[in-house]
Amino acid sequence: MRRRRSIRALSIIGSLAAVLPLVIVAPAEASGRSAPVVRVDTGALRGARADGVDSFLGVPYAAPPVGDLRWRPPRPAASWHGVRDAVSYGNRCAALASTNGPESDTEDCLYLNVQRPANARPGKRLPVYFWIHGGGLVNGSSNQHDAGLIVRNTGIVVVTINYRLGVFGYLAHPALTREAGQSGDYGFMDQQAALRWVHRNIGAFGGDPRQVTIGGESAGGWSVCAHLTAPGSRGLFNRAIMQSGSCLTQTLSAGEATGTTIATAAGCADPATAAACLRGKSTTDLLQAASGASSFAMVHGVPTLPTAPDTAVRNGDFAKVPVVIGANRDEGRTFAQGFIGQTQDQYVGFVRSAFGANADAVLAHYPWPAPGSQGADKFTPAYLVGAIFTDSGLVGQIGGCANRRLTQAFARSTRTYAYEFDHRTGPGLTPIPGYVWGAGHAAELAYLWPGFDNGTPIAPTFNAAERRLALDMVRYWGSFVRAGRPAAAFSSPWTRYDHTRQILSLRAGGRSTLISDARLAAEHQCDFWDAMSL
């Protein structure tokens, strides 16, 4: 029941696109002798230097997955002659328009970016942070995540990547399965190809291929969990960070059912010719055919992911590397915007539809304000639904009690550090007058990646306390990448969850503090939700 409800709720993650917007942060161009040049296995790259950071952008790590390569594992990138300029981001992968970026109809998108401390040289052996962006596996792009703040303050190398999305990255279909013995995990295979590229080439940038930390948020967090359990990812990293993620995947049969519906919508209903028919369709036609799909997810039970990552983690069958895992205090408020202005009857109707026989118990724990009390306003249903989404993990198993259970599963087998992003008065992701985002899903991103915004810059609006929180988070994350133990000068120590059952509550103004697991469980009503076994 838990998996079925979570996968249905992925349709809400799809609309998460509306709150994970696209930002392009272009470093100052460099030319002449000051421009850094690095040679990788496919040729020489000329980057740009600005503010103590060397940036190499738009580096191809695999061949364009177009034509006959659509829905096939990534192939090696072609070599080039001379020196290739690497001063602008590569194409963002094909996706429909949203507030997460304009529509892209470009499948030639398998590019990555490397940012390092200026003048880093081969042999320096700097630790590497490999970042996987979020966006529900249907949108997002690496150019939302300029790593200048992290690089300048920690001295590590950061790699950000694009990977195939939506119908191009995660389409499962019986015809494609017959071709290769599996289908549906092409975007995940892209991530593995990028990790292999890092192992072959990061030494040329001064990085250490033996010290690679993988990290990701939301769908990037799903991906991190999958890498922890995927045979083809073993040995490619030695630490992991999961922000507001989970271990959500789907069966091949479930993926193929969605894919068959998409193929029919595209005019490729004949099973005998479906693969060729689909490869003959334009990018735009396929985006439109898939626009009615409720969700995309990685597929397990196939060679790339033989076991469901959730099952593997709970059984202790995963790469036992140190893990940082956490979520935001009010994850669900980001997903609940559509409930603003609804009535009490509509709220009750939603709960009954979502929880069936358990609806009365849910309503008792998340009641509509009583008449004569402080009262309800137009935001009340969004706050109530947001709390339900957060605490239950109904949306993609993200946040609250679902995240707590996953944290406990990791802690049974490996060194684990847990956090909750608890800054609830920061700027919102999109301007909705009067709506209090709290620590909603994706609210923490601008503190690590100050270029991340929704068209209206977020980080430039930070007050002094929020700027301190950003610096603390960068230092915690950076020290974990460097040494496997998160620490920030002049801020709270961060103890191991597997030893102390304590979680670091990240707060502005240097007020981050350790809280007990019992306190977090009470905040999110975990006794109730764990007993329901959603």
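This passage describes the main sheet and the disulfides of a predicted model.

The sheet is open and has eleven strands. Their order is E3-E4-E6-E8-E7-E9-E10-E13-E14-E15-E16, and the pairing is mixed. Strand E3 (48-50) and strand E16 (513-516) stand at the edges. Each has a single partner strand, so one side of each is left without a neighbour in the sheet. From one strand to the next, the twist averages 25°.

Within this sheet, strand E9 (residues 207-217) pairs with strand E10 (residues 239-243). The pairing is parallel and runs over five bridges. Glutamate 217 stands opposite glutamine 243 in E10. Helix H18 (residues 464-483) packs on the sheet. Helix H18 touches strand E7 (126-132), E9, E10, E13, E14 and strand E15 (502-506). The direction of H18 makes about 150° with that of E10. Helix H16 (residues 400-411) also meets E10. Helix H16 lies across E10, strand E13 (323-328) and strand E14 (416-421). Its run is at about 170° to E13.

A search of the whole structure finds four disulfides. With the bonded cysteines numbered in sequence order, the pairing is 1-2, 3-4, 5-6, 7-8. Three of these links are described here.

Cysteine 93 and cysteine 109 form a disulfide, with sulfur atoms 2.1 Å apart. The link is right-handed, with 90° about the S-S bond. Both cysteine 93 and cysteine 109 lie in the loop between strand E5 (83-85) and strand E6 (111-117), so the pair ties together parts that are 16 residues apart in sequence. Cysteine 93 has a relative accessible area of 2% and is buried. Cysteine 109 is buried as well, at 1% relative accessibility.

Another disulfide joins cysteine 225 to cysteine 247, with an S to S distance of 1.9 Å. The torsion about its S-S bond is about 90°, so this disulfide is right-handed. Cysteine 225 lies in helix H7 (residues 219-229), and cysteine 247 lies in the loop between E10 and strand E11 (250-251). The pair therefore ties together parts that are 22 residues apart in sequence. Cysteine 225 counts as buried, at 0% relative accessibility. Cysteine 247 is buried too, with a relative accessible area of 2%.

Cysteine 268 and cysteine 277 also form a disulfide, their sulfur atoms 2.0 Å apart. Here the torsion about the S-S bond is about -70°, so the disulfide is left-handed. Cysteine 268 is buried, with a relative accessible area of 2%. Cysteine 277 counts as partly exposed, at 23% relative accessibility.

Terms used
Residues are numbered from 1 along each chain as its sequence is written. This is a predicted model: local features need pLDDT of at least 70, side-chain atom pairs count only at pLDDT 80 or more; totals for chains, interfaces and linings use all residues. Side-chain values use heavy atoms; hydrogens and water are left out. Two strands pair if DSSP finds at least two bridges between them. Helices (H or I, at least four residues) and strands (E, at least two) are DSSP runs, numbered from the N terminus. Axes are lines fitted to C-alpha atoms, for helices over the stretch in contact, and angles run from 0 to 180 degrees between N-to-C directions. Contact means heavy atoms within 4.5 Å. A disulfide is a pair of cysteine sulfur atoms within 2.5 Å. Buried means under 20% relative accessible area, exposed over 50%, partly exposed in between (1.4 Å probe, protein chains only).
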